[in-house]
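Here are my notes for your bench discussion. Please read them with the structure open.

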Amino acid sequence: MTEYWVSQGNKWCDFCKIYISNNPSSIRNHELGQRHKDNVAKRLAAMRKENIAKEKEQKETARAIEQIEAKAQRSYQKDKAKFEETRESHELDDQEWEFDSSSGYYFHKTNGFYYDPKSGFYYSDAIGKWVTQEEAYASPHFTSNAGNNGSTAKKSLSTSQSKSDENKANMFHNGSAPGPVVTTSLNPKKNTKAAPSSLAVGKRKRPVEKSKVISDEEKAALKAREAARKRVQEREKPLLGLYSKPY
């Protein structure tokens, strides 16, 4: 009695999506059938179609990347040429412009303009703000001969910066915490007067509230609520220990 029955089980066909008997003859007969052959052909055709679509998508992606890189290269060359042109146009005449080491700007000896080599902007007390090269050259103050005004502006700028440095040093020696130091503006015409405080002007008065007219129903409701409150207080007085209990 050493022999015993063993179940062969079933085999799953992934092409036909069915179970078949797990023995060589059943498997061979199923694979030689027309249904199995058609399903295998459909699966191979679908795989070829997926591969073709994937290759097409990869080619389109590579073509888009090449177009983006080419456009970026053209933009870079254009920006580089524009930068070189701007730098050449911003070259200063050594005879008219003098470098101010205290401010880090170039100072024009004739018209008193300042030039920032980092940003390429120009400043003058007559204009009162930083402007581009086109706006500075178009200004009538740039071509006018104002040597005294230029020296005065240079002196005022150096004086304001020396005062700010002195204030920083005093704050450090006095032991106060270092913080942002507000320096004086280059424009002396700028008005820095603050708005008046609300306390100085006067406090706002509340409008006089009009007496509200109470109807008879509201009066009765208020009277009933007050009576209920008194009853609750009378009932809770012994619990609070306000009165001694009679023995």
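How many aromatic pairs does the structure hold? The points below begin there. Keep in mind that this is a predicted model.

1. **Aromatic pairs.** The count is seven. In one of them, the ring centres of Tyr 105 and Trp 130 lie 5.2 Å apart, and the planes meet at 75 degrees, so this pair is edge-to-face. The two partners come from distant parts of the chain: Tyr 105 sits in strand β4 and Trp 130 in strand β7, 25 residues apart. Tyr 105 is partly exposed, at 22% relative accessibility. Trp 130 is partly exposed too, with a relative accessible area of 35%.

2. **Aromatic cluster.** One aromatic cluster is formed by Phe 99, Tyr 106, Tyr 115 and Tyr 122. Two of its members also face each other as backbone partners: Phe 99 has Tyr 106, in β4, as its bridge partner.

3. **The sheet.** Five strands make an open sheet, ordered β3-β4-β5-β6-β7, with antiparallel pairing. Its edges are β3 (97–100) and β7 (130–131), each of which pairs on one side only. Strands of a sheet pair through backbone hydrogen bonds, either parallel or antiparallel.

4. **Two strand pairings.** β3 and strand β4 (residues 105–108) run antiparallel and are joined by four bridges. Their hairpin has four residues between the strands, and Gly 104 takes a positive phi near 80 degrees there. At the other edge, two bridges join strand β6 (residues 122–123) to β7, again antiparallel. Tyr 123 stands opposite Trp 130 in β7.

5. **Nonpolar core.** Which residues make up the largest nonpolar core? There are seven: Trp 97, Phe 113, Tyr 115, Tyr 122, Val 131, Ala 136 and Phe 142. In soluble globular proteins, nonpolar side chains tend to be buried together.

6. **Phe 113.** This core residue deserves its own look. Leaving aside neighbours within four places in sequence, Phe 113 contacts residues including Trp 97, Tyr 122, Ala 136 and Phe 142. Those four belong to the largest nonpolar core as well. Other contacts of Phe 113 include Tyr 106, His 108, Ile 127 and His 141.

7. **Cysteines.** How many disulfides does a search of the whole structure find? It finds zero. The closest cysteine sulfur to that of Cys 13 is in Cys 16, at 3.8 Å, which is too far for a bond. The cut-off for a disulfide is within 2.5 Å. Cys 13 counts as buried, at 7% relative accessibility. Cys 16 is buried too, at 7%.

Key. Residues numbered from 1 in each chain as written. Predicted model: local features only at pLDDT ≥ 70, side-chain atom pairs only at ≥ 80, totals over all residues. Heavy atoms only, no water. Core = buried A, V, L, I, M, F, W, Y, C linked by side-chain atoms within 4.5 Å. Buried < 20%, exposed > 50% of the residue type's maximum accessible area, 1.4 Å probe, protein only. Contact = heavy atoms within 4.5 Å. Pairing = 2+ DSSP bridges. Phe/Tyr/Trp six-rings, centres within 6.5 Å; stacked < 30°, edge-to-face > 60°.
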